[in-house]
Amino acid sequence: MNKNTWRFAMLLVLIPTVALAAWQQGSHSHRAMAEEDAVWAELIASMDKMDAAMASVKRSGDSDIDFVKLMLPHHQAALDMAKAQLIYGKDPQMRRLAQEIITDQQSEIELMQLWLKQHNAAESKPATRLKS
């Protein structure tokens, strides 16, 4: 086999190999971009849901009730975003932070829901006077 034939044979082998590697790299980057877009879309959807929920809260005239009713969707958005971080995130420190957010925010949501339930129940009961 002469030198030119050898080079031609090598090119015939290398070109499909390089093309395949480039295609796989491009395919991988497209998948990564699609996943990044999905993650971003999920985070933004959490924020949009929170904004809509907060905007729908009607002022009660009681700052404590208003605070709780506005904080509930805020905390839920934090939960949703933290769950997305656990699914898609890679950094161990951010994953730990997301887990802490889930734990803390869920506990605070439960506390606020209980407080709101107790406060609304107390508000709906007629005032009773103690007999002297």
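**Close-up views of a predicted helical chain**

**View 1. Surroundings of Val 68 and the nonpolar core.** Leaving out residues up to four places away in sequence, Val 68 touches Met 112, Trp 115 and Leu 116. The model is predicted. Val 68 belongs to the largest nonpolar core, a set of ten residues that also takes in Ile 65, Leu 72, Leu 79, Ala 82, Ala 98, Ile 102, Ile 109, Met 112 and Leu 116. Helices H2 and H3 (92-124) each contribute at least two residues to this core. Two of the contact partners of Val 68, Met 112 and Leu 116, are thus named among the core residues as well.

**View 2. Helix H2 along its length.** Helix H2 covers residues 63-88, and its end C-alpha atoms are 37 Å apart; this agrees with the 38 Å expected for 26 residues, because each residue is taken to add 1.5 Å. At the start of H2, the backbone nitrogen of Asp 64 has a side-chain oxygen of Asp 62 within 2.9 Å. The buried residues of H2 include the nonpolar Ile 65, Val 68, Leu 72 and Leu 79, which are also members of the largest nonpolar core. Asp 66, His 75 and Asp 80 are buried in H2 too. The buried set is completed by Pro 73, Ala 77, Ala 82 and Ala 84.

**View 3. Pro 73 within helix H2.** Pro 73 is found in helix H2. Is this residue, Pro 73, buried or exposed? Its relative accessibility is 13%, so Pro 73 counts as buried, the cut-off being under 20%. Apart from neighbours within four places in sequence, Pro 73 is in contact with Met 50, Ala 53 and Met 54. The C-alpha atom of Pro 73 is separated by 9.8 Å from that of Val 57, a residue 16 places away along the chain.

**View 4. Ser 46 of helix H1 and its partners.** Ser 46 has its place in helix H1, which comprises residues 3-55. With a relative accessible area of 7%, Ser 46 is buried. When residues up to four places away in sequence are not counted, Ser 46 touches Ala 77, Asp 80 and Met 81. Of these partners, Ala 77 and Asp 80 are listed among the buried residues of H2.

**View 5. Leu 86 in helix H2.** Leu 86 lies in helix H2. The relative accessible area of Leu 86 is 23%, which means that the residue is partly exposed rather than buried. Beyond the residues up to four places away in sequence, Leu 86 touches Arg 95, Ala 98, Gln 99 and Ile 102. The C-alpha atoms of Leu 86 and Ile 102 are 9.9 Å apart, at a separation of 16 residues along the chain. Ala 98 and Ile 102 are both members of the largest nonpolar core.

**View 6. The chain as a whole and its confidence.** Three helices and zero strands make up the secondary structure of the chain, in the order α-α-α along the sequence. Among its 132 residues, 17% count as buried. The accessible surface comes to about 10500 Å², and carbon and sulfur atoms account for 61% of it. Of the contacts between residues at least 6 apart in sequence, 59% join residues at least 24 apart. The average pLDDT of the chain is 82, and 65% of the residues score at least 70. Confidence is highest in H2, at a mean of 96, and lowest in H1, at 73. Where pLDDT is low, the predicted coordinates should not be read in detail.

Technical notes: Residues numbered from 1 in each chain as written. Predicted model: local features only at pLDDT ≥ 70, side-chain atom pairs only at ≥ 80, totals over all residues. Heavy atoms only, no water. Helix = DSSP H or I, 4+ residues; strand = E, 2+ residues; numbered from the N terminus. Expected span 1.5 Å × (residues − 1). Buried < 20%, exposed > 50% of the residue type's maximum accessible area, 1.4 Å probe, protein only. Polar contact = N/O pair within 3.5 Å; in protein donor to acceptor, adjacent residues only side chain to side chain. Core = buried A, V, L, I, M, F, W, Y, C linked by side-chain atoms within 4.5 Å. Contact = heavy atoms within 4.5 Å. Areas by Shrake-Rupley, 256 points an atom, 1.4 Å probe, with all protein chains shown as cover. pLDDT = per-residue confidence, 0-100.
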